[in-house]
Amino acid sequence: ELQQQDEDGSMAESISALQGEIQTAQAAEEEAKAALEEAKAQLETLKGEKETLDGELTEAQTALSDVQAEVPEGNEKIESAQADWDEAKQGFSELKDQMLATAQTDVDNAINRVNEVQTALSEAQRQQTLAQYTNYNAQAGERLANQAHTVAGTVGYCMGGVCDTLQRTYGCSMYGLGSAYMAADALRGNTPGYEEIASHFTEVEVPRDELASLPAGYIVVWDNNQNGGGSNVSSAGRVHGHISISLGDGRESSDHIQNQITNRDANYTVFAPIS
């Protein structure tokens, strides 16, 4: 009981810390969005100013051309004024272009900052959700997933592949079960003879849309479909179900490695590694 209280307290602290990270990320997101809007407004202001000044430059150039038309060709004062004008116009144009480029860079940087903050916020929220599922043991999960990268490369022997991985990791497994779906009861500790392997896992509830985001080492057990259903399940799958180990990168391992299954027409149970 004391151990359970310690685990519950540790979980509460973990969730509280994640909530703090989420609040910090949300505040940073608002700040980044405000900076982005300010940078966009500055860019639009500069564009408007440039458009107005370009118009004034055009008018001034026209006036200068009119004066030149009335003054005899070769007048040194006019030629000097023209040279000064051309130099000033070139400097002005370069300055405005530099200001616009800087403003555009500020906008781009602000957009990148918003994207970075939103990514961090999403990850913090995902971790908070996963923390609420279980007292997941990350070290145990990584150890199991590392073993799960070595598979036979066959198809149709998911239970055998998972059992091989469990045996290499823990020195015990679920050999002898007739079908993959039976692993759910075994990992719950309800099947005599498999209590040792069950002691390393705990059953958790994970939404279907979170399955592809599972950290390393989670076991997903899919039900069989002998009583109907299973529109996208093979005939063997309807009899035996399916089982896999998450690799923590959106993929799963059984007797081969593939993208984590999420849309199988069947119920499922998830088990988290705790030791």
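Okay, let's start with helix α7, which gives the most to the lining of the largest pocket: three residues. Before I go on, keep in mind that what you're looking at is a predicted model.

So, that pocket. Its volume comes to about 370 Å³. Of the 22 residues lining the pocket, the closest to its centre are Gly156, Tyr157, Cys158, Gly241 and His242. And which elements give two or more residues to the lining? Those are α4, residues 158-170, and α7, residues 235-240. If you sort the lining by class, you get 11 polar residues, nine nonpolar ones and two charged ones.

Now over to the sheet. Generally speaking, strands of a sheet pair through backbone hydrogen bonds, and they can do that parallel or antiparallel. Here we've got six strands in an open sheet, and the pairing is antiparallel. Reading across, the order goes β1-β6-β2-β3-β4-β5. At the edges sit β1 (201-204) and β5 (257-259), each pairing on one side only. On average, neighbouring strands are turned by 35° against each other, ignoring direction.

Let's zoom in on one piece of that. Strand β3, residues 242-246, pairs with β4, residues 251-253, in the antiparallel sense over two bridges. Take Ile245: its bridge partner in β4 is Ser253.

Two helices to point out here. Helix α3, residues 138-148, packs on the sheet and touches β1, β3, β4, β5 and β6. The direction of α3 makes about 115° with that of β3. Then there's α4 again, the one from the pocket lining. Helix α4 packs on the sheet too, touching β1, β2, β3, β4 and β6, and its direction makes about 40° with that of β3.

Last stop, the aromatics. How many aromatic pairs does the structure hold? Three. One of them is Tyr136 with Tyr218, a tilted pair at 5.0 Å centre to centre, with 35° between the planes. Why bring this one up? Well, Tyr136 is in the loop between α2 and α3, while Tyr218 is in the loop between β1 and β2, so the pair ties together parts that are 82 residues apart in sequence.

That's my tour, thanks!

Technical notes
Residues numbered from 1 in each chain as written. Predicted model: local features only at pLDDT ≥ 70, side-chain atom pairs only at ≥ 80, totals over all residues. Heavy atoms only, no water. 1 Å grid on protein atoms, 1.4 Å probe; cavity = no way out; pocket = protein on both sides within 12 Å on 5 of 7 lines; lining within 4 Å. Points joined across faces, edges and corners; volume = space filled by probe spheres on them. Helix = DSSP H or I, 4+ residues; strand = E, 2+ residues; numbered from the N terminus. Nonpolar A, V, L, I, M, F, W, Y, C, P; charged D, E, K, R; others polar. Pairing = 2+ DSSP bridges. Axes fitted to C-alpha atoms, helices over the stretch in contact; angles between N-to-C directions. Contact = heavy atoms within 4.5 Å. Phe/Tyr/Trp six-rings, centres within 6.5 Å; stacked < 30°, edge-to-face > 60°.
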